[in-house]
There are 2 protein chains.
Amino acid sequence: MFARVLALAATLLLSISAALAQPADPILEKKIFELPSYTTAGGATIKNVKVGWEAYGTLNADKSNAILITHFFSGTSHAFGKYAASDAAPGYWNSIIGPSKAIDTDKYYVLSSDTLVNLNVNAPNVTTTGPASINPDTGKPYGMSFPVVSIKDFVNVQTKLIESLGIKRLRAVVGASMGGLQAYEWAASYPDKVDRIVAVVAAAQPDPFLTGWLDVWAAPIKVDAKWNGGDYYGKEPPVEGLAAALKVVSLHANHDQWAISTQGGPADASKDPAAAFDNKFKIQATLDAAGMARAKTSDANHFLYLIKANQLASVDPAKITVPALVIYSSTDLVFYAPTVEDGAKKMPKAETMTITGPYGHLNGVLAISPAGDKIGEFLAR
Amino acid sequence: MFARVLALAATLLLSISAALAQPADPILEKKIFELPSYTTAGGATIKNVKVGWEAYGTLNADKSNAILITHFFSGTSHAFGKYAASDAAPGYWNSIIGPSKAIDTDKYYVLSSDTLVNLNVNAPNVTTTGPASINPDTGKPYGMSFPVVSIKDFVNVQTKLIESLGIKRLRAVVGASMGGLQAYEWAASYPDKVDRIVAVVAAAQPDPFLTGWLDVWAAPIKVDAKWNGGDYYGKEPPVEGLAAALKVVSLHANHDQWAISTQGGPADASKDPAAAFDNKFKIQATLDAAGMARAKTSDANHFLYLIKANQLASVDPAKITVPALVIYSSTDLVFYAPTVEDGAKKMPKAETMTITGPYGHLNGVLAISPAGDKIGEFLAR
């Protein structure tokens, strides 16, 4: 009897401590920001621009506590929290954003938006404008007639979003990978609109090796005959090419320690890879499944436009005069540590921090927790 | 007048010293080795196997001075010298193989052969047997009905070649990348037939990350509708997919220092990459041109069979009991230095050496010269 009471008490304590350790995730509402017309950095006009956005926390009276989170290549505005308590998983940076977390929604008004040409056009809760959107002038999807857009354009649309909320100056812009490129762009182009930036696993001036890799990411889409020069809307889309492209992204963003610790051996113990051409190793099956799953909610032309935007990204680090916290991974294969460091050295007020983990570039998302304290302290200054 | 004589003398001296510094490259004759039938490690029988081979130097009386050079993924038997004095360039390791060089053809009989399923089926001077070969039983190309072959099979065919020359034991097997995998296989499977090995930029047990990358290399071929499940002989071959695949290989085998020092900026100064979707950066044009040039002499199915052979490669380093010299590049993205080092530590008689240069994995070919003395000393023991 005593043992049973003890066991019960222990179970109770465990569930209480679990509840304490994991407070309920914030519930966010996805909204849509609209611009009747937007003129790109290249001078083209896009009518009827819409991007999705979400926010949590309370904007203070002088609107000085807003932090913008900018998303990575295959990401969306969904950086933290959930849309419904029943969601399978919270946003990608839930470990560092939320009530009492490093980016503390009890102190800050934290907002995030989908970029132009967002990859996940076909995912629920994503709103973006890009080649898959209907061109109001023709009533048909733009396809490859959509104008070239750049990281600067993503940022320009964000400036309109914060203006619409009456925010004149952000406390910070914080982003990983392509989100970091946006943070650098904010600092260089709008030093009057942002107090500081946190750029995670991103270089201000990506090197030509990355330009080449981005081309390699894109290549399978163009090889897929169903891509058809970008004209596939209403027809069968180039899913196979897109899945192959997303396979490259998945692998390039990771690192060998992840593969060694989780991906050894055959996909199916009863199907020796040596016995037949199509018998796979586990990592082949993992990449195939990941690529195909991601392709279902993505759009091939949007992928190509994102590639172009990333290839065009380059910010003179000397122009990043606001305080910058540059966090990087020494095993990053996308943004090489020396390239990130070179950029940070040229910024007047940058400090750097390294993160470690088995995931290479993806450490910026999957192993960001240990940087939480540093980020919190940097934001609070 | 005096000045003219001096100038003439200087010119003469220069041409003499150039002749002294660059002795004529050896001229090799490409030959064909034939096996009426070969049974693979997996138990399949291939009739009428042919592989090309070449050799230079003199086999000594007791046939104990033969060194076998094994080639890399996209390589051929042409490791050094020329087929004709007018050839544009010599073989890939000409800097370390030849008369008075590290692998000294004045002392050693140096031979090299094309592997089974060699990539460069359509190149002059290459002879191989693989999916592009005619199946004597059907009179048609094998396509994907060709049996799976492994590095062990490449080595087994080489053992038959040296037997045909009366060589019972090789002084050494020396190879880079996939050539290194063959060297490891020789040591583990035939310790009675080889005195020592030199494995350059290769790990005895490649890790699953490489297995995944090899899948990424192959992906564009399978996406190309012209690949048609491997059935394209006599039709239009999947050149676009093959070129995209070779683009991945070219980039993955290199490193960012190469890109930074040689590939910055746009492909065409008058075509700003920001101005139009198809305006390229220099590195994009470089990769496109390299991929397309290599695709012309390559075969897509052979590429896929080579991928499979490399994915299956794994040798227990504890079985490599002959002396091994393991040379690797710390910036290698194909065979990571820690994986190479781990393997070498488990070999009873291995010593290691690092090579440096801007080319990552390709340092094993393009920056091998500084390892020449060490290789020469190791071979002479």
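Biologist: Hi! Before we get going, when do you call a residue buried?

Modeller: Hello! A residue is buried if 20 or more other C-beta atoms lie within 10 Å of its own. One more thing up front: this is a predicted model.

Biologist: Good. With that in hand, how many residues of strand β3 in chain B are buried?

Modeller: Five of the five, for residues 66-70, so the strand is largely enclosed by the rest of the structure.

Biologist: Which residues sit on which face of β3(B)?

Modeller: B:Ala66, B:Leu68 and B:Thr70 are on one side, and B:Ile67 and B:Ile69 are on the other. Both faces are covered.

Biologist: And which strands does β3(B) pair with?

Modeller: One is β6 of chain B, residues 109-113, which pairs with β3(B) in the parallel sense over four bridges. Another is β9 of chain B, residues 172-176, also parallel and over four bridges.

Biologist: Can I have some bridge partners to click on?

Modeller: Sure. On the β6(B) side, B:Leu68 has B:Leu111 as its bridge partner. On the β9(B) side, B:Ile67 is matched with B:Ala172, and B:Ile69 with B:Val174.

Biologist: Zooming out, what is the strand order of that sheet in chain B?

Modeller: The order is β1-β2-β6-β3-β9-β10-β11-β12, in an open sheet of eight strands with mixed pairing. At the edges are β1 (31-39) and β12 (350-355) of chain B, each pairing on one side only. Neighbouring strands are turned by 20° against each other on average, ignoring direction.

Biologist: Which helices pack on the sheet there?

Modeller: Helix α2 of chain B (residues 151-164) is one of them, touching β1, β2, β3 and β6 of chain B, with its direction at about 120° to that of β1(B). Helix α3 of chain B (residues 178-189) packs on the sheet too, touching β3, β9, β10 and β11 of chain B, and its direction makes about 150° with that of β9(B).

Biologist: Over to chain A, then. What does the sheet look like there?

Modeller: Chain A has an open sheet of eight strands with mixed pairing, in the order β1-β2-β6-β3-β9-β10-β11-β12. Its edge strands are β1 (31-39) and β12 of chain A, each with a single partner strand, so one side of each is left without a neighbour in the sheet. The average turn between neighbouring strands, direction ignored, is 20°.

Biologist: How do β3 and β9 of chain A run, parallel or antiparallel?

Modeller: They run parallel, joined by four bridges. In that pair, A:Ile67 has A:Ala172 of β9(A) as its bridge partner. Helix α3 of chain A (residues 178-189) lies across β3, β9, β10 and β11 of chain A, at about 150° to β9(A).

Biologist: What about helix α9 of chain A, which residues are buried?

Modeller: In α9(A), residues 337-345, the buried ones are A:Thr339, A:Val340, A:Gly343 and A:Ala344. They cover an arc of only 135° around the axis, which puts them on the same side of the helix.

Biologist: What do they pack against?

Modeller: Elements from both chains: β11 (324-329) and β12 (350-355) of chain A, together with α6 (256-262) of chain B.

Biologist: Speaking of both chains, how many residues does each put into the contact?

Modeller: There are 42 residues from chain A and 42 residues from chain B. On the chain A side, α4, α5, α6, α7 and α8 each supply at least two residues. The largest share there, 10 residues, comes from α4(A).

Biologist: Changing topic: how do α5 and α7 of chain B pack?

Modeller: They pack at an angle of about 120°, with their axes 7 Å apart. The two helices are therefore oblique to each other. Residues making the contact include B:Leu242 and B:Leu246 of α5(B) and B:Leu287 and B:Met292 of α7(B). The crossing of α5(B) past α7(B) is right-handed.

Biologist: Last one: is B:Met353 buried, exposed or partly exposed?

Modeller: Partly exposed, because it has 15 other C-beta atoms within 10 Å, and the cut-off for buried is 20 or more. B:Met353 is found in strand β12 of chain B.

Biologist: What is B:Met353 in contact with, beyond its neighbours within four places in sequence?

Modeller: B:Leu325, B:Ile327, B:Ala371 and B:Lys374. B:Ala371 is 18 residues apart from B:Met353 along the chain, and their C-alpha atoms are separated by 7.9 Å.

Notes: Residues are numbered from 1 along each chain as its sequence is written. Chains are lettered from A and ligands numbered from 1 in the order in which they are written. This is a predicted model: local features need pLDDT of at least 70, side-chain atom pairs count only at pLDDT 80 or more; totals for chains, interfaces and linings use all residues. A residue is buried if 20 or more other C-beta atoms lie within 10 Å of its own, exposed if 12 or fewer, and partly exposed in between; C-beta atoms are placed from the backbone. The arc is that of the directions from the helix axis to the C-beta atoms. Two residues are in contact if their C-beta atoms, placed from the backbone, lie within 7 Å. Two strands pair if DSSP finds at least two bridges between them. Axes are lines fitted to C-alpha atoms, for helices over the stretch in contact, and angles run from 0 to 180 degrees between N-to-C directions. Angles under 35 degrees count as roughly parallel, over 145 as roughly antiparallel, 65 to 115 as roughly perpendicular and the rest as oblique. A crossing is left-handed if the near helix is turned anticlockwise from the far one by less than a right angle, and right-handed if clockwise.
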